Amino acid sequence: MVKIELPGDYEKDSWAMNEEEKLDAVPKLQEEGNREYKAGRVAEAAQKYAEAIGNLEQLLLREKPGDSEFVALDRRKVPLLLNYAQCKLLLGEYYPAIEHASSALERDPGKPRHLQHTGELYRSRVYR
């Protein structure tokens with residue numbers, strides 16, 4: 001059986017996207033992840049956040065570290081990293097949770113929420 005898909009009826013894989021499409025996909029993936037999380041589908045939410053992080057990482061490879069474009073893209077990763085870390089914590093995957101929360105803290109150290117979140121992740125890992 002053959003299935004015909006019209007343009008716009010399917011989602012492109014990130015390898016098939018150009019830079020603009022990858023950048024446009026990030027907030028959509030984040031919103032999809034948020035919806036999945038609110039619906040209690042934590043693993044699916046983690047996948048959406050991971051895809052968004054992956055898109056940003058691919059875009060970062062094209063920028064020079066320290067340039068304004070690089071910094072802006074890198075900062076966009078912070079909420080995604082924290083959301084992904086929270087999902088991993090709920091899934092019982094502590095080391096990835098700690099790694100991603102710590103990564104968010106490195107990028108934005110002035111936020112007490114990031115520090116608190118990272119500390120909670122370490123504490124949950126140590127006492128389990």
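Q: How much area does the protein chain expose, and what share of it do carbon and sulfur atoms supply?
A: Accessible areas come from the Shrake-Rupley method with a 1.4 Å probe, and for residues only the protein chains shown count as cover. Here the protein chain exposes about 8,500 Å², and 52% of that is supplied by carbon and sulfur atoms. This is a predicted model, in which local features need pLDDT of at least 70, side-chain atom pairs count only at pLDDT 80 or more, and totals for chains, interfaces and linings use all residues. Residues are numbered from 1 along each chain as its sequence is written, and side-chain values use heavy atoms, with hydrogens and water left out.

Q: What percentage of the residues count as buried?
A: Buried means under 20% relative accessible area, exposed means over 50%, and partly exposed lies in between (1.4 Å probe, protein chains only). Of the 128 residues in the protein chain, 38% count as buried.

Q: Is glutamate 106 buried or exposed?
A: Glutamate 106 has a relative accessible area of 63%, so it is exposed. This residue is found in helix α4. Its C-alpha atom is separated by 9.4 Å from that of valine 78, and the two residues are 28 apart along the chain.

Q: How many helices and strands does the protein chain have?
A: Helices (H or I, at least four residues) and strands (E, at least two) are DSSP runs, numbered from the N terminus. The protein chain has five helices and zero strands.

Q: At what angle do the axes of α2 and α3 cross?
A: Axes are lines fitted to C-alpha atoms, for helices over the stretch in contact, and angles run from 0 to 180 degrees between N-to-C directions. The axes of helix α2 (residues 42–60) and α3 cross at roughly 160° and come within 9 Å. Angles under 35 degrees count as roughly parallel, over 145 as roughly antiparallel, 65 to 115 as roughly perpendicular and the rest as oblique. Therefore α2 and α3 are roughly antiparallel to each other.

Q: How do the axes of α3 and α4 cross?
A: Helix α3 (residues 68–90) and helix α4 (residues 94–107) have axes that come within 8 Å and cross at roughly 155°. That makes α3 roughly antiparallel to α4.

Q: Which residues of α3 and α4 meet?
A: Contact means heavy atoms within 4.5 Å. Among the α3 residues that meet α4 are Val78, Leu81 and Tyr84; the α4 side includes Tyr94, His100 and Arg107.
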